[in-house]
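Below is a short briefing on a predicted model. Look over the sequence and coordinates before reading on.

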Number of protein chains: 2
Amino acid sequence: MIGVGMTEFGRHPERSLTDMGREACWRALKDAGIHPKQIQAGFSGNSLAPYLQREVDIGQPILREVGIVGIPILNISNACASGSCAFREAWLAVASGLYELVIAVGTEKAFVGKGAMLDIGSQDFQLMQGGVFPGDFALKARRHMLEFGTTKEQLAKISVKNHKNGCLNAYSQFKKEFTVEEVLNSPMVADPLTVLSCCPNSDGSAATIIASKDLAKRYCEKPIRIAASALRSGTYEPNRNLALFDLDFEASKIAYEISGYDPQDIDVAEVHDAFTIAEIMHYEGLGFCKLGEGGRLIDEGETEIGGRIPVNPSGGLLSRGHPVGATGLAQIAEIVWQLRGETGKRQVENARIGLAHVVGGGREGDVGAGTIHILARD
Amino acid sequence: MIGVGMTEFGRHPERSLTDMGREACWRALKDAGIHPKQIQAGFSGNSLAPYLQREVDIGQPILREVGIVGIPILNISNACASGSCAFREAWLAVASGLYELVIAVGTEKAFVGKGAMLDIGSQDFQLMQGGVFPGDFALKARRHMLEFGTTKEQLAKISVKNHKNGCLNAYSQFKKEFTVEEVLNSPMVADPLTVLSCCPNSDGSAATIIASKDLAKRYCEKPIRIAASALRSGTYEPNRNLALFDLDFEASKIAYEISGYDPQDIDVAEVHDAFTIAEIMHYEGLGFCKLGEGGRLIDEGETEIGGRIPVNPSGGLLSRGHPVGATGLAQIAEIVWQLRGETGKRQVENARIGLAHVVGGGREGDVGAGTIHILARD
């Protein structure tokens, strides 16, 4: 990888998808120091534009804005993993030898009116009964608390940590610190998850440039290597344990195997903290601690910047924000900046290997797509 | 390729996307003689479900219906080329060595009420002015008539040929023959294009199984080889010539180069006849005749079954129907059946090399994505 770029995440009612995508692409191209005409293929991740903005296939108009036309362009959707799946197809296009220089961009306008997204997947049986995401994750939280003694305070500490980190990130939607009490006392969404325990809906875009090994060395002093790309869908087990993410265990096993690294090697991670409980469960699924010990990990400060395995130094979905199709590529951008040592006050010291993790979608209570990418500075 | 399958195309208001996708996948799996659990990755093409049915990421629920879960599943959109792009990513996943056995499925419910699709891409400047597809292709037709002397009768003959072929295809939406006069006298949509000069909106699904060379030989006596996959987006030239499809010339050049075949080698083709004029322009863009000679080609019967280069023996979009995200894979299925010699009365004698061609989408008058796949029986 030779370049990354993103827009500020947040509420941008005045900006179009095309406008935000253009900014992210332009920044990535500038960061890579290449001309748009050099790009051989484009991959665009978006989840909700056809649904919310009545726009289909936004990849072509976004890339056209930076002068990228007449090449293969693909539009990819996989819920929250739309951006990371665009990244994965871009990686495969280069890793396979088909192309030498490609761009992946993820863009979303998800900051919409209350209830505007409630009928997504409305033919789904569980959704008809009111099984929307906050409720689903509240059930997971309850089960985790029951099985492992995880506390509301531990959940709240995830939000506190990520909001603290988000204050150090110019791209963050929220730049405000909160206390455990403030998180616990914010309005209840689905017990035990309060408003400050849930990520926001956001607008934004992020992009990245992937080059073949030879080209990367020519254009970049410190290219970042993609050490593993893993994608898995849910198994839809009817009797699965709500207290763990099967998908994490399976996808991370693949990612560690391909990369040759193990959880102890990871210096910094961006993890899909759509809800506070999710980050705790992902600690366990990614092998950062044993099953049931996620609460202890946050208690002991191990996932803070300066801890053993800093998680979401960017602020994560909770603070940086969550423009669905952009999130996966924003994570990748953060890891790249961390590995290059360019993140200022939120820098994880001497980070050499990073992990980006997304889970997205889900029908009948299980997860539609999960990706893990491991990036390395050699 | 070791298996293909599809549903009957047409009006299926009683069937869900999942139900149609299941049928196509099941038929493809049965055709290949493999068990769903053997599939290593899935690629789903769909264009309009988030927009029309409020359903996002239909690949996972479709594949779950045939027991395919827990593997990498990707949802792909590229307008009319959604299905063919899902096929392309499936091909790359195998050709790169990443997987050995994958499925691609395309599904759409596009038979909807009048006007239900008129606001797609409604932020597009030309669309705001009323520049919908029939109008756009009417302009192309007018320009082609002006530049090359193409006649309304020649346009109508495309519809006559494809409806005649469609009568021989059990999967067709329309199984009725029409005369040139009937096509010309059917209600006007956008002069010179009448209703019978435009493809219908349709519901349906199609699927295909791709295996590595070694596996294919083990599972199949007559595997079909993917000799080339080409994808291009539009160049958005403001002063382009309306009478020709730039994209066809560029994509076919790549496809012929990769495959080592040239237009004279193609025994049978499925071509994106969304409008009668489109098929004539694609004859030229694909090199089946010289620029401006498309009208002559249909006049001389060269593209009929039994002619020099039969085009759309399936009935094409005009007669088999056009469930947007399924069309590309239905073309692939038809070519596979033709190359295997399994198409009965519409069989192109001794077909050995086939071509499938889609163009889709388009903003500001140009085309968003075009694919060409060349398939061969060795």
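R340(B) is partly exposed, because 17 other C-beta atoms lie within 10 Å (20 or more would make a residue buried, 12 or fewer exposed, and partly exposed falls in between; C-beta atoms are placed from the backbone). This is a predicted model: local features need pLDDT of at least 70, side-chain atom pairs count only at pLDDT 80 or more, and totals for chains, interfaces and linings use all residues. Residues are numbered from 1 along each chain as its sequence is written, while chains are lettered from A and ligands numbered from 1 in the order in which they are written.

**Around R340(B)**
- R340(B) sits in helix 14 (residues 324-340) of chain B (helices are DSSP runs of H or I, at least four residues; strands are runs of E, at least two; both are numbered from the N terminus).
- P223(B) is 117 residues from R340(B) in sequence, yet their C-alpha atoms are 8.7 Å apart.

**Chain-to-chain contact**
- In all, 42 residues of chain B are in contact with 42 residues of chain A (contact: C-beta atoms, placed from the backbone, within 7 Å).
- On the chain B side, helix 2 (49-52), helix 3 (59-65), strand 3 (73-77), helix 4 (82-95) and strand 8 (225-232) each give at least two residues.
- Strand 3 of chain B gives the largest share, 5 residues.
- That side of chain B has 18 nonpolar, 16 polar and 8 charged residues (nonpolar: Ala, Val, Leu, Ile, Met, Phe, Trp, Tyr, Cys and Pro; charged: Asp, Glu, Lys and Arg; polar: the others, Gly among them).
- Strand 3 of chain A and strand 3 of chain B run antiparallel, joined by 3 bridges (strands pair if DSSP finds at least two bridges between them).
- S77(A) has N75(B) as its bridge partner.

**Symmetry**
- A turn of 180° and a shift of 0.0 Å along the axis lay chain B on chain A with an RMSD of 0.0 Å (least squares on C-alpha atoms of residues with pLDDT of at least 70 in both).
- The two copies are therefore related as by a two-fold rotation axis.
- Both copies use the same surface: 100% of the contact residues of chain B recur in chain A.

**Nonpolar core**
- The largest nonpolar core has 245 residues, and V102(A), A104(A), V102(B) and A104(B) touch the most other members (a core is a set of buried Ala, Val, Leu, Ile, Met, Phe, Trp, Tyr and Cys residues joined through C-beta atoms within 7 Å).
- Leaving aside residues up to four places away in sequence, A104(B) touches partners including F43(B), F87(B), I210(B) and L329(B).

Technical notes:
Contact = placed C-beta atoms within 7 Å.
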